[in-house]
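Please look through the sequence and the model shown here. The paragraphs after it go from single residues to the chain as a whole.

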Amino acid sequence: NPLQNDVAGPAPRRQTTQVMVGDIAVGGGAPIVVQSMTNTDTADVEGTIKQVAALARAGSEMVRITVDREEAAAAVPHIRDGLRKLGLTTPLIGDFHYIGHKLLADYPACAEALDKYRINPGNVGFKNKRDSQFTDIVEIAIKNNKAVRIGANWGSLDQELLTKLMDENAASAQPRDVRAVTREAMVQSALLSAARAEEIGLPKTKMILSAKVSAVQDLIAVYQDLASRSDYAIHLGLTEAGMGSKGIVASSAALGILLQQGIGDTIRISLTPEPGGDRTLEVQVAQELLQTMGFRTFVPLVAACPGCGRTTSTTFQELARSIQDFIRLEMPSWKTRYPGVENLNVAVMGCIVNGPGESKHANIGISLPGTGESPAAPVFVDGQKFRTLRGPSIATDFKALVIDYIEQ
Ligand code: SF4
């Protein structure tokens, strides 16, 4: 019955064990945390400080950096110091593969400076010859009171575990689809590693799990399974999401569905940057995903119609773009001066068809004149017609009204 949904909204958030990463709470009812990752060479201290700062100022609440070799491990404490000098305490996460145990043991200042260590159970597993590597990292985390993310990844899955499950499947009377077995290996890899870490002494309050896949439907299935089989805090992300709109759409589709089902305590939108592109786009997309779904508010939303043959000129697009850019630029200072400004809704509409209606739903909205309409642009404030703007300075006048509204 389509009329039965009187209340629109997501499923209740899944109850998970809360983990503190630096001073940021993840899971256990805390707001869903936005995180991102640098693509600088971590050994380049200045370059990495600059990018972490840009990501943090764009709204990334935690930032992950690659720690792939000795030079990178040696750089980490200097990066932490440099960020502190900029007044940034954003938690730093070290991304370790293969030799993380060695780097953390040989560079204790790096182990101390990081707030969380990411381990990939596909290349630092807990079985056989790799058991000591896994144990070493977990023991260093315990000693330094740091959180750990056990991050399984479809592209670097624990091959021993996968082979074992594939063999069992082949011998079974009713073999499952190969992708289903691979998904099971992802979930088991994360859960078995977490159980081993707990055996070593790392409490649940220090562990976050992830199981990233690049195909949307597999990702949804893997995380649903992971969430139903444990109460660890969960890091959501679609790996190898891709470039441009493809990466944004794939990540939003996958993460949107899981968040709607109450799954996910921290998210990263992994986008392949365009050459020379802005790394902070992944932070903006993550924030917009959480805000459009109603989980959090970060910046005022600008609702704009798509424009059509009724739109008279480029004024409409220019105004929508300039209002959006203006708001993003001013937000850092507005946030301190005008608490709650992030809840503001602005509408910029192209003609009389939906313009007045949509503008009335916003805190402040403008309906520009469409083809054949008189050259007047009514402005609506809190649902009421407030003023009509005319002439070549409509854009500037409307911006001034937005500022007035915020200030009041
Ligand atoms: Fe077109 Fe007017 Fe609708 Fe905008 S509000 S899309 S200009 S009909």
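Phe-380 lies in strand β14, which covers residues 376-381. This is a predicted model, and the values given here are computed from it. The relative accessible area of Phe-380 is 5%; because the cut-off for buried is under 20%, Phe-380 counts as buried. Beyond its neighbours within four places in sequence, Phe-380 is in contact with Pro-356, Ser-359, Lys-360, Asn-363, Ile-364, Gly-365, Lys-385 and Phe-386. Ile-366 is 14 residues away from Phe-380 in sequence, and the two C-alpha atoms are 6.3 Å apart in space.

Aromatic rings are the next topic. The structure holds two aromatic pairs. In one of them, Phe-96 and Tyr-117, the ring centres are 6.1 Å apart and the planes stand at 90 degrees, so the pair is edge-to-face. Which parts of the chain does this pair tie together? Phe-96 belongs to strand β5 (residues 92-96) and Tyr-117 to strand β6 (residues 116-119), so the pair ties together parts that are 21 residues apart in sequence. Both partners have low values for accessibility: Phe-96 is buried at 2% relative accessibility, and Tyr-117 is buried at 0%.

The rings of Phe-326 and Trp-334 also pair, with centres 5.5 Å apart. Their planes are at 75 degrees, so this pair too is edge-to-face; the cut-off for that label is over 60 degrees. Phe-326 counts as buried at 14% relative accessibility, and Trp-334 counts as buried at 4%. A ring and a charge come together at Tyr-232: the charged end of Lys-204 sits over the ring of Tyr-232, 5.1 Å from the ring centre.

The ligand comes next. Which residues are around the ligand? They are Cys-305, Pro-306, Gly-307, Cys-308, Arg-310, Thr-311, Gly-350, Cys-351, Val-353 and Asn-354. By class, this shell has five nonpolar, four polar and one charged residues. From the UniProt record, an unreviewed entry, comes a "binding site" feature that lists Cys-305, Cys-308, Cys-351 and Glu-358. Cys-305, Cys-308 and Cys-351 are among the residues around the ligand in the model.

Two of the residues in the UniProt list can be placed in the fold. Cys-305 sits in the loop between β11 (301-304) and α11 (315-337). Leaving out neighbours within four places in sequence, Cys-305 is in contact with Phe-316, Val-348, Met-349 and Gly-350. One of these contacts, Gly-350, is also among the residues around the ligand. Glu-358 is found in helix α12, residues 355-361. Is Glu-358 buried, partly exposed or exposed? Glu-358 is partly exposed, because its relative accessible area is 35%. With residues up to four places away in sequence not counted, Glu-358 touches Ala-347 and Met-349. Met-349 is thus a residue that Glu-358 touches and that Cys-305 is in contact with.

Two further residues lie elsewhere in the chain. Arg-229 is placed in the loop between α8 (216-228) and β9 (233-236). Its relative accessible area is 38%, so Arg-229 is partly exposed. Apart from neighbours within four places in sequence, Arg-229 is in contact with Glu-184, Val-187, Gln-188 and Leu-191. The C-alpha atom of Arg-229 is separated by 13 Å from that of Met-186, which is 43 residues away along the chain.

Ser-251 lies in helix α9, made of residues 244-260. Ser-251 is buried, with a relative accessible area of 1%. Not counting residues up to four places away in sequence, Ser-251 touches Leu-238, Ala-241, Gly-256, Ile-269 and Ser-270.

Last comes the chain as a whole. The chain has 13 helices and 15 strands. Of its 408 residues, 52% count as buried. The C-alpha atoms of the chain fill a box of roughly 80 × 55 × 35 Å, taken along the principal axes. How many of the contacts between residues at least 6 apart in sequence join residues at least 24 apart? Among those contacts in the chain, the share is 65%.

Note on methods: Residues numbered from 1 in each chain as written. Predicted model: local features only at pLDDT ≥ 70, side-chain atom pairs only at ≥ 80, totals over all residues. Heavy atoms only, no water. Helix = DSSP H or I, 4+ residues; strand = E, 2+ residues; numbered from the N terminus. Buried < 20%, exposed > 50% of the residue type's maximum accessible area, 1.4 Å probe, protein only. Contact = heavy atoms within 4.5 Å. Phe/Tyr/Trp six-rings, centres within 6.5 Å; stacked < 30°, edge-to-face > 60°. Lys NZ or Arg CZ within 6 Å of the ring centre and 35° of its normal. Near = heavy atom within 4 Å. Nonpolar A, V, L, I, M, F, W, Y, C, P; charged D, E, K, R; others polar. UniProt positions renumbered as here; feature names shortened; annotations may be inferred.
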